[in-house]
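Q: Got a minute to go through this one with me? I'd like to start with how the chains meet and then look at a helix or two.

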Amino acid sequence: MTHDATAKLRAINFNVHYGEKHALHDITLEVRPNKVAALIGPSGCGKSTFLRSINRMNDVIEGVKTSGSIEIDGVNVYDSYVDVVELRKRVGMVFQKSIPFPKSIYENVAFGLRLAGNTAKSELDEIVEQSLKRAALWGEVSDRLDKSAMGLSGGQQQRLCIARAIAVNPEILLMDEPCSALDPISTAKIEELIEDLKSSYTIIIVTHNMQQAARVSDVTGFFYMGRLVEMDRTRTIFTSPAQKETEDYITGRFG
Amino acid sequence: MQLQDKRLFRKKRPRYGEIAIEWSIRVVSSVSILVIVLIFLFVFREAAGIFNSATEAGSTLQTIEAETAGKSEIHTSDNDDLKPEIYNPDSGIETGEAPPANLLPDLQVATTEASGKSEIHTSDDDDLKPEIYNPDSGEEAVESLISDISDKPLQPSKSIWQNLAGENWQPISEEPKFGVTPLIIGTVKTTFTAIAIAAPLGILAAMYVALFAHRRLREIIKPFIEILAGFPSVVIGFFCLMTVASILQDTFGFDYRLNSIVGGLGLAITVVPIIFTITEDALSAVPKSYREAALALGATEWEAAFRLMLPAAMPGVIAAVLLGIGRAFGETMIALMATGNAPLAEWNLAAPARTLAATIGAEMGEVIWGSTHYGVLFFLGALLFLVSFAINLLTEVFVRRRLAKKFQGS
């Protein structure tokens, strides 16, 4: 792996301890801008922990200690002067379970904008429409923006969450198993969406579905027991992995 | 095979115990419903007396007067004696029929004699018992007479409605005035003060405990606030009367030591736990993932709490506040002890106030059975009943509809 000056995201010897448990061991990886990076690995291997470390969502959990660094555009997000609220505005996140807020569809998408102090109606309208269009949801909800988001289907809800995340125009989009609760058709829509969003954002996606990783990602990292076993071009990982563990996992011999 | 099946099903036997329990549950619940309905009916019937007599007074009275024309000496003396000083010993002596306390039965004698139903006469001895309003004993006539008598000293044209709408509450005076305006103003004043203090305190405390406090801290704070709910209100009233009133007067220099702010503060002490408990439950029921999702969008903890968690719990919060209003509205002991209890038609919060509930509490013990005053007190009770009922209904409807709309989509 080469050290590339153009990397959007770079982790260097990054460690996470949950109390006594050493959850991540010396993770070092890079993701270039406008690429999709997939993180795969068996449950509990630390890939979600790593994802949540990027926008410091682990800060709120008690007893979490980190060392090493995660840099975005060369700035360590764990530096003391970094404002975590600003960081999270730059790094959007989509969760495994879709979490539509109990508000209207419009207000859901506008939530982050209002937090940022953006209240001009015309501007909000425009960004909400744009975000919904980019999330491929506009056509389905444009006539009922004022209706509750709780009435949407599971796949629509997840796309709404994506629209909500991209409305604040982040640079990096983190997706934590975004399709694990969805049917194949909704999954296909979201995968298409990821392909489209790639042009604007750097996307890091955690997935249990190896076909999905193979379909959507440019690079793939294999996590196992809190370590990054291997990270390379997706094609390389899936055709000729360098490590035996990776090959075993991909071919279904364990995990 | 077939034999086995039969054996399987032959074990059927009646479950007498369960049937008995089912039925006893049914009976108990229907009895409690019945009791509630009967209480409703009783209160409204007693309160309706004042209106019945007011509307029917004209016609009934005329006929009675006509019929009793021959015995006018009793009637007139009654009329004079039954002015506010209904217990004036003179009147009893003048009628020469009964000791002073028997004045009401006297009246009945007058009416029964007038209508020629002498057989009711025998019930005279029993009349001093509460069952003076036994419908059998010519209730309407008595009522109309009484109301007629107590109304008469006022302007003859003044109806009970006008009296009730008045600005003076002087139920025991030469001209009894039953203006409920000052009582309603007093109730609204104290309730408003109580909610203005209790709602922010209760909601913020609930937010802190549900969303911010450390788990160990929460387990200490929560039961302590909830213990307040079980505090005897007379103790809180006493505390306000003796201590809080003095402190507030020394601090703010109120003209009156006891006023609706002191009373409202006392009520707030009982209302805070209600608002706290229900709000805390509502906030705890909001999925924790909302908070995480909001934080991931760049919200601070407080923004997540105020912009997302609180609105999501809003139906519960509104229910909490409405129930708190209901409690403050109907609370008697604290209102009786700490508000100064003066029926002033004044919106000034620093002035004494008297609430509807406190009025009933204070005057019910010494009111004359069956007098207009008695009917008016029941009318106040009915008013309390209706408002509490309306608040509860509002809570129910609002919460149900809002919850349905919010969480099931539309």
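A: Sure. First, what counts as a salt bridge here: a side-chain nitrogen of Lys or Arg within 4 Å of a carboxyl oxygen of Asp or Glu. Keep in mind that this is a predicted model.

Q: OK, so how many salt bridges are there between chain B and chain A?
A: The count is 1. Glu292(B) pairs with Arg52(A), and their closest N and O atoms are 2.8 Å apart.

Q: And polar contacts across that interface, how many residue pairs?
A: 3 residue pairs between chain B and chain A, with both residues at pLDDT 80 or more.

Q: Which helices of chain B supply at least two residues each to the side touching chain A?
A: α12 (288-296), α13 (301-312) and α17 (372-407) of chain B. The largest share comes from α12(B), with 8 residues.

Q: How much area do the two chains bury?
A: About 2,100 Å² between them, and 66% of that is on carbon and sulfur atoms. In chain B, the residues that lose the most area to chain A are Ala296(B), Leu297(B) and Arg307(B), together 29% of what that side buries. In residue terms, 24 from chain B are in contact with 25 from chain A.

Q: Switching topic: what span should helix α7 of chain A have, going by its residues?
A: α7(A) runs over residues 184-197, so at 1.5 Å a residue its 14 residues should span 20 Å; the end C-alpha atoms are 20 Å apart, which agrees.

Q: Which of its residues are buried? I mean α7(A).
A: Ser186(A), Thr187(A), Ile190(A), Glu191(A), Leu193(A), Ile194(A) and Leu197(A). They cover an arc of only 155° around the axis, so they sit on the same side of α7(A). Pro184(A), Ile185(A), Glu192(A) and Asp196(A) are exposed on the other side.

Q: What covers the buried residues of α7(A)?
A: The cover includes strands β3 (36-40), β7 (172-176) and β8 (202-206), plus helices α4 (121-134), α6 (154-167) and α8 (210-216), in chain A.

Q: Anything at the start of that helix?
A: Yes, Asp183(A) has a side-chain oxygen within 3.0 Å of the backbone nitrogen of Ile185(A).

Q: Last one: is Thr234(A) buried or exposed?
A: Thr234(A) has 5% relative accessibility, and the cut-off is under 20%, so it counts as buried. Thr234(A) belongs to helix α9 (residues 234-239) of chain A.

Q: What is Thr234(A) in contact with, leaving aside neighbours within four places in sequence?
A: Ala213(A), Ala214(A), Ser217(A), Asp218(A), Val219(A) and Thr220(A).

Methods. Residues numbered from 1 in each chain as written. Chains lettered and ligands numbered in written order. Predicted model: local features only at pLDDT ≥ 70, side-chain atom pairs only at ≥ 80, totals over all residues. Heavy atoms only, no water. Helix = DSSP H or I, 4+ residues; strand = E, 2+ residues; numbered from the N terminus. Expected span 1.5 Å × (residues − 1). Buried < 20%, exposed > 50% of the residue type's maximum accessible area, 1.4 Å probe, protein only. Arc of directions from axis to C-beta. Contact = heavy atoms within 4.5 Å. Polar contact = N/O pair within 3.5 Å; in protein donor to acceptor, adjacent residues only side chain to side chain. Buried area = accessible area lost by both parts, 1.4 Å probe.
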